Amino acid sequence: TFDFFDTDKTHGKLRLISALAAGIITGAIMALSPIIGVLVPFAVFGMLLVLEYPITGVYASVFLAPLIAFSSIPLAGMCVWTLMSVVIKSLINKDFKWKREGVGIALILFLAVLFITSLFSFTPKNSLVVWAMYFIFISFYFAVINSVTTKEQLYGLLGVFVISGAIVALYGVMQYVFGWTTTNAWIDEEMFEEETMRVYSTLANPNVLGEYLL
């Protein structure tokens, strides 16, 4: 059944205008890139889902973080949208109370120090770009602690973390066994004279892979 939404919203001219706008936008995107055009409806559905339930954005970001680590922009976008959804939820729900805790305050101070050092760095413009990425990912902490409110949700998040990590580890093992897309760029030839390899799975760097698995 479809009784989980307000049927009054399915009547009137607004639904036709919305459908027309969605069709025009999707059609225009399809003309530029069919793949992106196909993904647009799923992206819109995902954004609306996170807007209604921000915790789904937390789950998705944690799961996809190591899988799309080669490009930080999509991950940053997911984190920003999740945090914005929490902010919107806090404005709509009068009973909502922000959690900051000691760690949160320490992170805010850390970001402030980074911002000041970026302003006075040798290349302020480039430093501020890097700071912006730090700001996005560190701010995501507040989306997590204000979305995950029950023990069940916390265990669910840890489960998502483990599943994602297992996929990354499995791909690394297969990389080693089958020699997929490996390179000697990460091997010190003076230290390792015999033939060997280092895998990096989806993280593009074996050191980062080790840090992630830890």
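Biologist: At 53% relative accessibility, does Leu48 count as buried or exposed?

Modeller: This is a predicted model, where local features need pLDDT of at least 70 and side-chain atom pairs pLDDT 80 or more, while totals for chains, interfaces and linings use all residues. Residues are numbered from 1 along each chain as its sequence is written, and side-chain values use heavy atoms, without hydrogens and water. With a 1.4 Å probe and protein chains only, buried means under 20% relative accessible area, exposed over 50% and partly exposed in between. Because its relative accessibility is 53%, Leu48 counts as exposed.

Biologist: Which helix holds Leu48?

Modeller: Helices are DSSP runs of H or I with at least four residues, numbered from the N terminus. The chain has eight of them and zero strands. Leu48 lies in helix H2.

Biologist: Which helix gives the most to the nonpolar patch?

Modeller: A nonpolar patch joins Val, Leu, Ile, Met, Phe, Trp or Tyr side chains within 5 Å, from residues with over 30% relative accessible area and no salt bridge (Lys or Arg side-chain nitrogen within 4 Å of an Asp or Glu carboxyl oxygen). Its members here include Leu48, Val87 and Trp98. Helix H2 (34–52) and helix H4 (72–92) each supply at least two residues. With four residues, the largest contribution is from H4.

Biologist: What share of the 214 residues is buried?

Modeller: The chain exposes about 15,100 Å² (Shrake-Rupley method, 1.4 Å probe), and carbon and sulfur atoms supply 72% of that area. Of the 214 residues, the buried share is 24%.

Note on methods. Patches are made of residues with over 30% relative accessible area and no salt bridge: like charges are joined within 9 Å, nonpolar side chains (Val, Leu, Ile, Met, Phe, Trp, Tyr) within 5 Å.
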